[in-house]
Amino acid sequence: MSILLILVVLTVVSVGSKQLVLAQQPHVVPLKKLSRLSMDKRYETVSGDPTKAGMPFVIRIHAEAGYIIMPHTHPEDENIVMVKGSWALGMGDRFSRGTLEPMEVGDFGFASKKMAHFGFSKTDTIIQVHGVGPFITQWVVPMYELTDEGVLLKISAGDAGHPAPTIPEGCFALKLGAPVRGSYGERVVVAAQCTPGQLTQYRVERADGERFWTQRDELNTP
């Protein structure tokens with residue numbers, strides 16, 4: 001064996017050994033603080049790649065108080081651990097508060113692949129989800145979202161959306177910037193989501209920047 005070949009082999013072994021050592025080192029990912037997150041920043045990848053088939057992954061999902069995750073499915077099993085706040089999990093293809101099961105910090109929830117389910121954030125929450133990819137959130141009923149760019153139609157949580165050709169009747173009684181009052185004081189509507197035939201929920205903001213989600217019947221207009 002030539003000296004050059006020996007050097008190449010030693011280099012490859014050295015690099016491989018270093019990569020193995022790095023892979024075996026402890027890896028800590030602290031919880032991030034929930035603060036005025038835009039809707040496309042609520043998902044945080046902790047480990048792996050949730051977009052790749054067969055790849056183990058861990059993600060964290062941040063949600064503001066009052067937010068309802070409408071009925072949806074995943075192509076693979078979903079394992080849920082509550083890490084911050086108070087949440088609730090329900091099964092079925094239509095949102096129903098009566099079927100929600102409460103989840104507190106440390107509790108575990110499970111939704112098998114292709115099973116329709118939904119969730120509700122009683123407070124600002126962070127749930128940690130692990131499983132095997134691909135992790136795709138497909139809405140049972142396509143969702144309409146009211147944004148600064150107009151009304152967008154989305155078929156999945158990761159869908160950037162496209163302009164809705166029509167807006168279902170009764171979806172958005174309140175527009176962006178509308179002043180509202182509720183049990184939490186005076187607020188302004190900053191976003192909204194509508195699942196036709198089920199509900200519309202509004203993201204409202206207080207003067208100090210605090211945000212939460214609520215429904216039309218819980219709000220009064222001046």
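This passage walks through the salt bridges, the empty spaces and the aromatic rings of the structure shown above. The model is predicted, and that is worth keeping in mind while reading on.

Let's start with the charged side chains. The count of salt bridges comes to 7. One of them pairs Glu186 with Arg181, with N and O 3.4 Å apart. How open is this pair to the outside? Glu186 has a relative accessible area of 56%, so it falls in the exposed class, which begins over 50%. Arg181 reaches 39% and therefore counts as partly exposed.

Another salt bridge tells a rather different story in terms of setting. Glu205 and Arg211 come together with their closest N and O atoms 2.6 Å apart, and here both partners, Glu205 and Arg211, are buried. Being buried takes a relative accessible area under 20%.

A third bridge ties Arg206 to Glu210, and the closest N and O atoms in this case lie 2.5 Å from each other. Where do these two residues sit, on the buried or the exposed side? Neither label fits: Arg206 shows 29% relative accessibility, so it is partly exposed, and Glu210, at 36%, is partly exposed because its value also lies between the cut-offs of 20% and 50%. This bridge does not stand alone, either. Arg187, Arg206, Asp208 and Glu210 are joined into one network by salt bridges that share partners.

Next come the empty spaces. Rolling a probe the size of a water molecule over the atoms reveals where space is left unfilled. Searching the whole structure turns up 2 cavities of 30 Å³ or more. The largest cavity has a volume of about 100 Å³. Its lining is made of 15 residues, and the closest to the centre are Ile61, Ile69, His72, His74 and Glu78. Which parts of the chain build this lining? Strand S3 (68–73), strand S4 (78–84), strand S5 (87–91) and strand S8 (117–121) are the elements that each give two or more residues to it. Of the contributors, S8 gives the most, with 3 residues. As for chemistry, the lining of the largest cavity splits into 9 nonpolar, 5 polar and 1 charged residue.

Then there are the pockets, which are open rather than closed off. The second largest pocket holds about 250 Å³ of space. A set of 16 residues lines this pocket, and Gly66, Tyr184, Phe212, Trp213 and Thr214 lie nearest its centre. Strand S16 (residues 211–215) is the top contributor to this lining, giving 4 residues. Sorted by class, the lining of the second largest pocket has 7 nonpolar, 5 polar and 4 charged residues.

Last up are the aromatic rings. The whole structure contains 3 aromatic pairs. In one of them, the ring centres of Phe57 and Phe135 are 5.4 Å apart and the planes meet at 50 degrees, so the pair counts as tilted. How far apart along the chain are these two partners? They are separated by 78 residues, and the pair links distant parts of the chain: Phe57 belongs to strand S2 (residues 56–63), while Phe135 is in the loop between strand S9 (125–132) and strand S10 (138–147). Phe57 and Phe135 are both buried.

One more ring contact rounds things off, this time with a charge involved. The charged end of Arg97 sits over the ring of Phe120, at 4.9 Å from the ring's centre.

How values were computed
Residues are numbered from 1 along each chain as its sequence is written. This is a predicted model: local features need pLDDT of at least 70, side-chain atom pairs count only at pLDDT 80 or more; totals for chains, interfaces and linings use all residues. Side-chain values use heavy atoms; hydrogens and water are left out. A salt bridge is a side-chain nitrogen of Lys or Arg within 4 Å of a carboxyl oxygen of Asp or Glu. Buried means under 20% relative accessible area, exposed over 50%, partly exposed in between (1.4 Å probe, protein chains only). On a 1 Å grid over the protein atoms alone, a cavity is a set of points where a 1.4 Å probe fits but cannot get out, and a pocket is an open set with protein on both sides within 12 Å along at least five of seven lines; lining residues have an atom within 4 Å of a point. Grid points are joined across faces, edges and corners, and a volume is the space filled by probe spheres set on the points. Ala, Val, Leu, Ile, Met, Phe, Trp, Tyr, Cys and Pro count as nonpolar, Asp, Glu, Lys and Arg as charged, and the others, Gly among them, as polar. Rings of Phe, Tyr and Trp (its six-membered ring) pair if their centres lie within 6.5 Å; planes under 30 degrees apart count as stacked, over 60 as edge-to-face and the rest as tilted. A charge sits over a ring if NZ of Lys or CZ of Arg is within 6 Å of the ring centre and within 35 degrees of the ring normal.
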